[in-house]
Amino acid sequence: MAIRKVVKVGDPILRKKSKDVKDFDENLWELLDDMKETMHSNDGMGLAAVQVGVLRRAIIVEVNNAFLELINPVIISKKGEEVEKEGCLSVGNFRGRVKRPRQITVKASDRFGYDFTLTGEKWLARCICHEVDHLDGILFVDNCLDKKEYLNQNN
Ligand code: NI
């Protein structure tokens with residue numbers, strides 16, 4: 001395992017759409033292991049492959065000590081809404097309020113290519129939504145209720 005460099009805002013790769021994972025092989029496993037180590041070394045709650053410069057639809061999240069890997073995740077249902085402050089390892093110190101579904105159901109594959117469906121709420125739902133957004137080139141600051149504050153800090 002190795003700690004990889006986290007891509008920061010301003011790098012155009014963060015705005016690209018990630019491609020589906022097709023090969024559930026050693027390269028993917030190494031990527032996922034490295035992502036976990038990178039997330040832990042940065043005290044993160046989640047990480048998308050694009051954040052280490054790999055444009056593949058792979059994310060990890062760790063909420064309440066439960067660690068999850070989701071490959072090719074698709075959110076198939078959303079319920080309710082909730083506002084909390086988020087941050088992002090690619091964005092720096094800024095934290096801002098984002099409205100997210102209170103509960104989601106997501107369909108994904110595990111690292112071996114087996115499909116599963118998972119329903120999560122609150123922070124688990126929030127983290128998965130945040131990371132899935134990364135796969136489509138979206139950053140939390142784009143939809144942040146405190147966007148003005150963010151732009152003021154960064155311009
Ligand atoms: Ni993020």
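Lys-122 belongs to helix α2, and that is where these exercises start. The model is a predicted one, in which local features need pLDDT of at least 70 and side-chain atom pairs count only at pLDDT 80 or more, while totals for chains, interfaces and linings use all residues. Residues are numbered from 1 along each chain as its sequence is written, and side-chain values use heavy atoms, with hydrogens and water left out.

**Exercise 1. Describe the backbone and the surroundings of Lys-122.**

Step 1: look up phi. Lys-122 is not a glycine, yet its phi is positive, about 50°. For context, most residues other than glycine have a negative phi.

Step 2: check accessibility. Lys-122 comes out as partly exposed because its relative accessibility is 41%. The scale runs like this: buried is under 20% relative accessible area, exposed is over 50%, and partly exposed is in between, using a 1.4 Å probe and protein chains only.

Step 3: put Asp-43 beside it. Asp-43 isn't a glycine either, and has a positive phi of about 55°. Asp-43 is in the loop between α1 (26-41) and β1 (46-48), and at a relative accessible area of 72% Asp-43 is exposed.

**Exercise 2. Work out how helix α2 spans and how many of its residues are buried.**

Step 1: get the limits. α2 covers residues 122-135, 14 residues in total; helices (H or I, at least four residues) and strands (E, at least two) are DSSP runs, numbered from the N terminus.

Step 2: compare spans. From first C-alpha to last, α2 reaches 21 Å, close to the 20 Å expected at 1.5 Å a residue. That expected span is 1.5 Å times one less than the number of residues.

Step 3: count burial. Of the 14 residues, 12 are buried, so α2 is largely enclosed by the rest of the structure. The buried set includes Leu-124, Ile-128, Cys-129, His-130 and Asp-133.

Step 4: see what follows. After α2 you meet Gly-137, with a positive phi near 80°.

**Exercise 3. Find the protein donors of the nickel ion and place them in the chain.**

Step 1: list the atoms. They are Cys-88 (SG), His-130 (NE2) and His-134 (NE2), at 2.1 to 2.3 Å from the nickel ion. Donors here are N, O and S atoms within 2.8 Å of the metal (3.2 Å for Na, K and Ca); water is not among the atoms, so sites may look incomplete.

Step 2: write the spacing. Along the chain, the donors read C-x41-H-x3-H.

Step 3: connect the elements. Cys-88 in strand β4 and His-134 in helix α2 are 46 residues apart, so to speak a link between distant parts of the chain. Both Cys-88 and His-134 are buried.

Step 4: look at β4 itself. β4 (residues 82-88) pairs with β5 in the antiparallel sense over 6 bridges, where pairing takes at least two bridges found by DSSP. A hairpin of 3 residues joins the two strands β4 and β5, and Glu-86 stands opposite Gly-96 in β5.

**Exercise 4. Trace which residues surround Arg-100.**

Step 1: locate it. Arg-100 is in strand β5 (residues 92-100) and counts as buried because its relative accessibility is 6%.

Step 2: collect contacts (heavy atoms within 4.5 Å). Beyond its neighbours within four places in sequence, Arg-100 is in contact with residues including Glu-86, Arg-126, His-130 and Asp-133.

Step 3: single out the polar one. The side chains of Arg-100 and Asp-133 share a polar contact of 2.9 Å. That term means a pair of N or O atoms within 3.5 Å; within protein, one must be able to donate a hydrogen and the other to accept it, and residues adjacent in sequence count only if both atoms are side-chain atoms.

**Exercise 5. Identify the element with the largest share of the largest nonpolar core.**

Step 1: find the hubs. Among 20 residues, those touching the most other members are Ile-59, Val-61, Leu-70, Ile-104, Val-106, Leu-124 and Ile-128. A nonpolar core is a set of buried Ala, Val, Leu, Ile, Met, Phe, Trp, Tyr and Cys residues joined through side-chain atoms within 4.5 Å.

Step 2: sort by element. β2 (58-63), β6 and α2 each supply at least two residues of this core, and the largest share, 7 residues, is from α2.

Step 3: don't miss the other one. Another core lies apart from it and has 14 residues, among them Val-6, Met-39, Leu-47 and Ile-71.
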